[in-house]
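Please open the structure in your viewer and keep the selection panel at hand. The tour proceeds in steps, each giving a selection and what is found there.

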2 protein chains.
Amino acid sequence: MTTSFDPMSPVCCVSFRLRRAARVVAKTYDAGLKPVGLRNTQFTLLAALVMNGPQNIGQLSHALVTDGTTLTRNLEVLSKRGLIEDARYHEDERVRIVKTSPQGEAIYRQALPLWQTTQQEMLDVFGRERWADLADMLQLVETS
Amino acid sequence: MTTSFDPMSPVCCVSFRLRRAARVVAKTYDAGLKPVGLRNTQFTLLAALVMNGPQNIGQLSHALVTDGTTLTRNLEVLSKRGLIEDARYHEDERVRIVKTSPQGEAIYRQALPLWQTTQQEMLDVFGRERWADLADMLQLVETS
DNA sequence: GTTAATTATCTGTATATGCAGATAATAGAC
DNA sequence: GTCTATTATCTGCATATACAGATAATTAAC
(Lines give C-alpha, C1' and ligand atoms only; values in the text may rest on other atoms or scores of the structure.)
Protein backbone atom coordinates (compact mmCIF):
# COMPACT_ATOMS: atom_id res chain seq x y z
CA MET A 1 0.00 0.00 0.00
CA THR A 2 1.53 3.32 -1.08
CA THR A 3 0.46 6.11 1.24
CA SER A 4 0.32 8.97 -1.24
CA PHE A 5 0.70 12.49 0.07
CA ASP A 6 -2.75 14.07 0.07
CA PRO A 7 -2.32 17.67 1.22
CA MET A 8 -6.06 18.08 1.67
CA SER A 9 -6.35 15.30 4.21
CA PRO A 10 -6.54 16.46 7.84
CA VAL A 11 -3.49 14.30 8.47
CA CYS A 12 -1.56 16.88 6.42
CA CYS A 13 -2.93 19.87 8.31
CA VAL A 14 -0.10 22.38 8.40
CA SER A 15 -0.96 23.34 11.94
CA PHE A 16 -1.05 19.76 13.18
CA ARG A 17 2.26 18.89 11.56
CA LEU A 18 3.99 21.94 12.94
CA ARG A 19 2.66 21.38 16.43
CA ARG A 20 3.58 17.74 16.33
CA ALA A 21 7.15 18.43 15.24
CA ALA A 22 7.41 21.17 17.85
CA ARG A 23 6.21 18.80 20.59
CA VAL A 24 8.70 16.11 19.68
CA VAL A 25 11.67 18.41 19.32
CA ALA A 26 10.84 20.36 22.47
CA LYS A 27 11.26 17.20 24.51
CA THR A 28 14.82 16.77 23.25
CA TYR A 29 15.75 20.28 24.31
CA ASP A 30 13.97 19.94 27.64
CA ALA A 31 15.99 16.79 28.33
CA GLY A 32 19.22 18.59 27.51
CA LEU A 33 18.37 21.50 29.79
CA LYS A 34 17.21 19.32 32.64
CA PRO A 35 20.43 19.72 34.71
CA VAL A 36 19.67 23.42 35.17
CA GLY A 37 15.92 22.94 35.54
CA LEU A 38 14.99 25.09 32.59
CA ARG A 39 12.59 24.25 29.81
CA ASN A 40 13.31 25.20 26.24
CA THR A 41 10.68 27.92 26.48
CA GLN A 42 12.29 29.39 29.57
CA PHE A 43 15.73 29.20 28.04
CA THR A 44 14.48 31.09 25.00
CA LEU A 45 12.94 33.80 27.16
CA LEU A 46 16.06 34.13 29.28
CA ALA A 47 18.24 34.23 26.17
CA ALA A 48 16.12 37.02 24.71
CA LEU A 49 16.69 39.08 27.83
CA VAL A 50 20.40 38.32 28.06
CA MET A 51 21.08 39.02 24.43
CA ASN A 52 18.86 42.06 23.90
CA GLY A 53 19.07 43.56 27.35
CA PRO A 54 16.23 44.89 29.52
CA GLN A 55 12.97 45.08 27.61
CA ASN A 56 9.29 45.67 28.13
CA ILE A 57 6.54 43.17 27.44
CA GLY A 58 5.71 44.69 24.08
CA GLN A 59 9.26 44.40 22.84
CA LEU A 60 9.52 40.80 23.98
CA SER A 61 6.15 40.04 22.47
CA HIS A 62 7.32 41.39 19.14
CA ALA A 63 10.70 39.70 19.29
CA LEU A 64 9.39 36.27 20.24
CA VAL A 65 6.05 36.51 18.41
CA THR A 66 4.22 35.57 21.56
CA ASP A 67 1.08 37.06 23.03
CA GLY A 68 1.74 39.60 25.74
CA THR A 69 -0.53 37.82 28.19
CA THR A 70 1.45 34.66 27.69
CA LEU A 71 4.64 36.52 28.44
CA THR A 72 3.22 38.00 31.62
CA ARG A 73 2.79 34.48 32.99
CA ASN A 74 5.92 32.96 31.52
CA LEU A 75 7.95 35.79 33.04
CA GLU A 76 6.20 35.17 36.34
CA VAL A 77 7.68 31.67 36.42
CA LEU A 78 11.20 33.00 35.94
CA SER A 79 10.52 35.81 38.39
CA LYS A 80 9.41 33.43 41.15
CA ARG A 81 12.68 31.61 40.68
CA GLY A 82 14.55 34.87 40.97
CA LEU A 83 16.01 34.69 37.47
CA ILE A 84 14.56 37.99 36.31
CA GLU A 85 13.46 41.18 37.98
CA ASP A 86 11.73 44.43 37.22
CA ALA A 87 13.74 47.45 36.15
CA ARG A 88 11.24 50.24 36.56
CA TYR A 89 11.80 53.60 35.13
CA HIS A 90 9.59 56.66 35.34
CA GLU A 91 8.88 57.94 31.89
CA ASP A 92 5.77 55.90 31.19
CA GLU A 93 4.14 54.32 34.20
CA ARG A 94 2.31 51.75 32.10
CA VAL A 95 5.50 50.18 30.84
CA ARG A 96 7.14 47.39 32.76
CA ILE A 97 10.72 46.67 31.94
CA VAL A 98 12.17 43.31 32.87
CA LYS A 99 15.78 42.24 33.01
CA THR A 100 17.80 39.24 34.05
CA SER A 101 19.01 39.08 37.63
CA PRO A 102 22.57 38.05 38.49
CA GLN A 103 21.21 34.56 39.29
CA GLY A 104 19.42 34.58 35.95
CA GLU A 105 22.65 35.34 34.14
CA ALA A 106 24.44 32.65 36.10
CA ILE A 107 21.83 30.07 35.17
CA TYR A 108 22.00 31.23 31.58
CA ARG A 109 25.76 30.72 31.53
CA GLN A 110 25.21 27.19 32.81
CA ALA A 111 22.38 26.53 30.40
CA LEU A 112 24.05 27.83 27.25
CA PRO A 113 26.53 24.97 26.78
CA LEU A 114 23.76 22.46 27.50
CA TRP A 115 21.60 24.06 24.86
CA GLN A 116 24.55 24.21 22.48
CA THR A 117 25.14 20.50 22.88
CA THR A 118 21.54 19.69 22.01
CA GLN A 119 21.46 22.16 19.13
CA GLN A 120 24.74 20.80 17.84
CA GLU A 121 23.51 17.22 17.96
CA MET A 122 20.28 18.20 16.33
CA LEU A 123 22.07 19.96 13.51
CA ASP A 124 24.58 17.16 13.12
CA VAL A 125 21.85 14.58 12.68
CA PHE A 126 19.45 16.73 10.73
CA GLY A 127 22.04 18.50 8.67
CA ARG A 128 23.08 22.15 8.78
CA GLU A 129 22.14 22.75 5.19
CA ARG A 130 18.72 21.32 5.73
CA TRP A 131 18.22 23.37 8.86
CA ALA A 132 18.94 26.55 6.96
CA ASP A 133 16.32 25.47 4.42
CA LEU A 134 13.83 24.44 7.08
CA ALA A 135 14.33 27.70 8.97
CA ASP A 136 13.63 29.62 5.78
CA MET A 137 10.45 27.71 5.16
CA LEU A 138 9.27 28.11 8.74
CA GLN A 139 9.78 31.83 8.38
CA LEU A 140 7.81 31.76 5.15
CA VAL A 141 4.94 29.71 6.49
CA GLU A 142 4.53 32.16 9.37
CA THR A 143 3.67 34.86 6.87
CA SER A 144 1.41 32.75 4.66
CA MET B 1 23.72 45.30 8.47
CA THR B 2 23.54 41.78 7.12
CA THR B 3 22.03 39.46 9.71
CA SER B 4 23.92 36.32 8.91
CA PHE B 5 22.36 32.98 9.79
CA ASP B 6 24.16 31.68 12.87
CA PRO B 7 22.69 28.28 13.66
CA MET B 8 24.39 28.20 17.07
CA SER B 9 22.64 31.33 18.29
CA PRO B 10 19.67 30.71 20.58
CA VAL B 11 17.60 32.68 18.09
CA CYS B 12 18.04 29.72 15.75
CA CYS B 13 17.00 27.13 18.33
CA VAL B 14 15.17 24.45 16.38
CA SER B 15 12.64 24.08 19.18
CA PHE B 16 11.96 27.78 19.41
CA ARG B 17 11.51 28.17 15.67
CA LEU B 18 9.18 25.23 15.41
CA ARG B 19 7.06 26.37 18.33
CA ARG B 20 6.90 29.89 17.01
CA ALA B 21 5.77 28.77 13.57
CA ALA B 22 3.26 26.41 15.17
CA ARG B 23 1.85 29.24 17.29
CA VAL B 24 1.41 31.57 14.38
CA VAL B 25 -0.12 29.02 12.05
CA ALA B 26 -2.42 27.60 14.72
CA LYS B 27 -4.08 30.98 15.02
CA THR B 28 -5.00 30.95 11.35
CA TYR B 29 -6.66 27.58 11.66
CA ASP B 30 -8.39 28.52 14.89
CA ALA B 31 -9.84 31.56 13.16
CA GLY B 32 -11.10 29.43 10.28
CA LEU B 33 -12.73 26.93 12.64
CA LYS B 34 -14.28 29.59 14.86
CA PRO B 35 -17.81 29.24 13.38
CA VAL B 36 -18.06 25.70 14.78
CA GLY B 37 -16.22 26.51 18.00
CA LEU B 38 -13.42 24.05 17.47
CA ARG B 39 -9.74 24.68 17.82
CA ASN B 40 -7.26 23.18 15.43
CA THR B 41 -6.18 20.71 18.10
CA GLN B 42 -9.75 19.58 18.66
CA PHE B 43 -10.39 19.29 14.95
CA THR B 44 -7.32 17.08 14.59
CA LEU B 45 -8.46 14.84 17.41
CA LEU B 46 -11.99 14.57 16.04
CA ALA B 47 -10.62 13.87 12.56
CA ALA B 48 -8.43 11.07 13.90
CA LEU B 49 -11.49 9.43 15.41
CA VAL B 50 -13.72 9.94 12.38
CA MET B 51 -11.13 8.70 9.93
CA ASN B 52 -9.68 5.78 11.87
CA GLY B 53 -12.77 4.76 13.81
CA PRO B 54 -13.08 3.96 17.53
CA GLN B 55 -9.69 3.76 19.20
CA ASN B 56 -8.11 3.50 22.60
CA ILE B 57 -5.82 6.10 24.14
CA GLY B 58 -2.70 4.19 23.22
CA GLN B 59 -3.61 4.03 19.55
CA LEU B 60 -4.45 7.73 19.49
CA SER B 61 -1.25 8.50 21.33
CA HIS B 62 0.75 6.63 18.73
CA ALA B 63 -1.15 8.08 15.79
CA LEU B 64 -0.94 11.70 16.92
CA VAL B 65 2.42 11.45 18.71
CA THR B 66 0.90 12.95 21.82
CA ASP B 67 1.33 11.92 25.41
CA GLY B 68 -1.47 9.72 26.71
CA THR B 69 -2.10 12.00 29.67
CA THR B 70 -2.57 14.91 27.31
CA LEU B 71 -5.09 12.92 25.34
CA THR B 72 -7.04 12.01 28.46
CA ARG B 73 -7.67 15.71 29.07
CA ASN B 74 -8.10 16.78 25.47
CA LEU B 75 -10.68 14.05 25.02
CA GLU B 76 -12.39 15.26 28.17
CA VAL B 77 -13.01 18.62 26.50
CA LEU B 78 -14.68 16.96 23.52
CA SER B 79 -16.55 14.60 25.81
CA LYS B 80 -18.01 17.42 27.91
CA ARG B 81 -19.33 18.91 24.69
CA GLY B 82 -20.85 15.57 23.76
CA LEU B 83 -18.76 15.18 20.63
CA ILE B 84 -17.24 11.85 21.64
CA GLU B 85 -18.23 9.01 23.91
CA ASP B 86 -16.88 5.81 25.38
CA ALA B 87 -17.34 2.54 23.56
CA ARG B 88 -16.49 0.07 26.27
CA TYR B 89 -15.88 -3.51 25.49
CA HIS B 90 -15.03 -6.35 27.86
CA GLU B 91 -11.90 -8.05 26.71
CA ASP B 92 -9.41 -5.89 28.60
CA GLU B 93 -10.87 -3.78 31.37
CA ARG B 94 -7.94 -1.41 31.37
CA VAL B 95 -8.56 -0.28 27.84
CA ARG B 96 -10.85 2.61 27.15
CA ILE B 97 -12.13 2.95 23.63
CA VAL B 98 -13.45 6.29 22.48
CA LYS B 99 -15.50 7.10 19.41
CA THR B 100 -17.28 10.05 17.90
CA SER B 101 -20.89 10.63 18.86
CA PRO B 102 -23.52 11.51 16.23
CA GLN B 103 -23.15 15.14 17.30
CA GLY B 104 -19.40 14.82 16.96
CA GLU B 105 -19.75 13.56 13.42
CA ALA B 106 -22.19 16.35 12.63
CA ILE B 107 -19.75 18.97 13.91
CA TYR B 108 -16.97 17.32 11.99
CA ARG B 109 -18.99 17.53 8.79
CA GLN B 110 -19.48 21.24 9.43
CA ALA B 111 -15.85 21.75 10.36
CA LEU B 112 -14.27 19.91 7.46
CA PRO B 113 -15.07 22.50 4.76
CA LEU B 114 -13.92 25.27 7.07
CA TRP B 115 -10.65 23.48 7.66
CA GLN B 116 -10.34 22.78 3.94
CA THR B 117 -10.72 26.45 3.14
CA THR B 118 -7.94 27.40 5.54
CA GLN B 119 -5.70 24.56 4.38
CA GLN B 120 -6.37 25.47 0.76
CA GLU B 121 -5.51 29.11 1.34
CA MET B 122 -2.42 28.16 3.28
CA LEU B 123 -1.22 25.90 0.49
CA ASP B 124 -2.09 28.42 -2.20
CA VAL B 125 -0.01 31.11 -0.53
CA PHE B 126 2.78 28.89 0.71
CA GLY B 127 2.92 26.65 -2.32
CA ARG B 128 1.94 23.00 -2.60
CA GLU B 129 5.42 21.96 -3.70
CA ARG B 130 6.97 23.70 -0.78
CA TRP B 131 4.50 22.17 1.63
CA ALA B 132 5.43 18.69 0.45
CA ASP B 133 9.07 19.59 1.08
CA LEU B 134 8.34 21.18 4.44
CA ALA B 135 6.26 18.19 5.53
CA ASP B 136 9.13 15.89 4.63
CA MET B 137 11.57 17.94 6.65
CA LEU B 138 9.24 18.14 9.64
CA GLN B 139 8.97 14.39 9.55
CA LEU B 140 12.73 14.14 9.41
CA VAL B 141 13.38 16.57 12.21
CA GLU B 142 11.06 14.58 14.47
CA THR B 143 13.40 11.63 14.19
CA SER B 144 16.64 13.59 14.57
C1' DG C 1 -7.73 71.99 30.42
C1' DT C 2 -11.17 68.49 30.33
C1' DT C 3 -12.84 64.60 27.57
C1' DA C 4 -12.09 60.88 24.37
C1' DA C 5 -9.16 57.69 22.05
C1' DT C 6 -5.15 54.99 22.35
C1' DT C 7 -1.73 52.12 24.46
C1' DA C 8 0.69 48.76 27.87
C1' DT C 9 -0.16 45.51 30.86
C1' DC C 10 -2.80 42.43 33.78
C1' DT C 11 -6.80 39.07 35.25
C1' DG C 12 -10.23 35.69 34.40
C1' DT C 13 -11.05 31.80 31.92
C1' DA C 14 -10.08 27.91 29.08
C1' DT C 15 -7.29 24.75 26.60
C1' DA C 16 -2.77 22.19 25.43
C1' DT C 17 1.08 19.81 27.05
C1' DG C 18 3.83 16.33 29.59
C1' DC C 19 6.38 14.35 33.79
C1' DA C 20 5.91 11.50 38.13
C1' DG C 21 3.58 8.74 40.45
C1' DA C 22 -0.94 6.11 41.46
C1' DT C 23 -4.28 2.54 40.18
C1' DA C 24 -6.12 -1.25 38.24
C1' DA C 25 -6.02 -5.14 35.19
C1' DT C 26 -3.53 -8.52 32.46
C1' DA C 27 0.27 -11.59 31.42
C1' DG C 28 4.38 -14.23 32.85
C1' DA C 29 7.27 -17.03 36.02
C1' DC C 30 7.52 -20.74 39.03
C1' DG D 1 -2.46 -21.18 41.52
C1' DT D 2 0.10 -17.37 43.62
C1' DC D 3 3.36 -13.73 43.11
C1' DT D 4 5.53 -10.53 40.10
C1' DA D 5 6.23 -7.85 36.08
C1' DT D 6 4.05 -5.41 32.60
C1' DT D 7 0.63 -2.54 30.56
C1' DA D 8 -3.28 1.07 29.99
C1' DT D 9 -5.01 4.75 31.85
C1' DC D 10 -5.69 8.37 35.19
C1' DT D 11 -4.46 12.22 38.85
C1' DG D 12 -1.64 15.71 40.76
C1' DC D 13 1.15 19.19 39.52
C1' DA D 14 3.34 22.64 36.72
C1' DT D 15 3.93 25.21 32.60
C1' DA D 16 2.61 27.23 27.85
C1' DT D 17 -0.71 29.50 25.25
C1' DA D 18 -4.12 33.09 23.92
C1' DC D 19 -8.80 35.48 23.79
C1' DA D 20 -11.93 38.86 26.14
C1' DG D 21 -12.36 42.09 29.00
C1' DA D 22 -10.47 45.19 32.92
C1' DT D 23 -7.27 48.81 34.50
C1' DA D 24 -4.35 52.38 34.44
C1' DA D 25 -1.58 55.78 32.12
C1' DT D 26 -0.64 58.60 28.03
C1' DT D 27 -1.89 61.16 24.05
C1' DA D 28 -5.04 63.51 20.92
C1' DA D 29 -9.05 66.51 20.17
C1' DC D 30 -11.50 70.35 21.03
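Which helices of chain A and chain B each supply at least two residues of the surface near DNA strand D? Before selecting them, please note that this is a predicted model.

**First stop: the helices beside the DNA**

Select α2 (40-52) and α4 (68-80) in chain A, then add α1 (14-33), α3 (57-64) and α4 (68-80) in chain B; each of these helices supplies at least two residues of the surface near DNA strand D. Now highlight α4(A), which contributes the largest share of that surface, with five residues. Colouring the surface near DNA strand D by residue class shows 14 charged, ten polar and three nonpolar residues.

**Second stop: the residues that come nearest**

Next, display the 27 residues around DNA strand D and pick out A:T41, B:G58, B:T72, B:R73 and B:R94, which come nearest. Then turn to the strand itself: of its atoms that come within 4 Å of the protein, 65% belong to sugar and phosphate.

**Third stop: phosphate oxygens**

Show the side chain of A:T41, where an N or O atom is 2.5 Å from a phosphate oxygen of DNA strand D. Remaining in chain A, select A:N74; an N or O atom of its side chain is 3.2 Å from a phosphate oxygen of the strand. Chain B offers a further example, B:R96, with a side-chain N or O atom 2.9 Å from a phosphate oxygen of DNA strand D.

**Fourth stop: where the two protein chains meet**

Hide the DNA and select the contact between the protein chains, to which chain A gives 56 residues and chain B gives 56 residues. The size of an interface is often expressed as the accessible area lost when the parts come together. Here chain B and chain A bury about 5,300 Å² between them, and 73% of this area lies on carbon and sulfur atoms.

How many salt bridges does the rule find across the interface of chain B and chain A? There are two. To view a salt bridge, select A:R20 and B:E142, whose closest N and O atoms are 3.0 Å apart. Polar contacts may be displayed as well: 22 residue pairs are counted between chain B and chain A.

**Last stop: the side of chain B that touches chain A**

Select α1, α2 (40-52), α3, α5 (102-126) and α6 (128-142) of chain B, each of which supplies at least two residues of this side. The most comes from α1(B), with 14 residues. Finally, colour this side of chain B by class: 37 residues are nonpolar, eleven are polar and eight are charged.

Terms used: Residues numbered from 1 in each chain as written. Chains lettered and ligands numbered in written order. Predicted model: local features only at pLDDT ≥ 70, side-chain atom pairs only at ≥ 80, totals over all residues. Heavy atoms only, no water. Near = heavy atom within 4 Å. Polar contact = N/O pair within 3.5 Å; in protein donor to acceptor, adjacent residues only side chain to side chain. Helix = DSSP H or I, 4+ residues; strand = E, 2+ residues; numbered from the N terminus. Nonpolar A, V, L, I, M, F, W, Y, C, P; charged D, E, K, R; others polar. Contact = heavy atoms within 4.5 Å. Buried area = accessible area lost by both parts, 1.4 Å probe. Salt bridge = Lys/Arg side-chain N within 4 Å of Asp/Glu carboxyl O.
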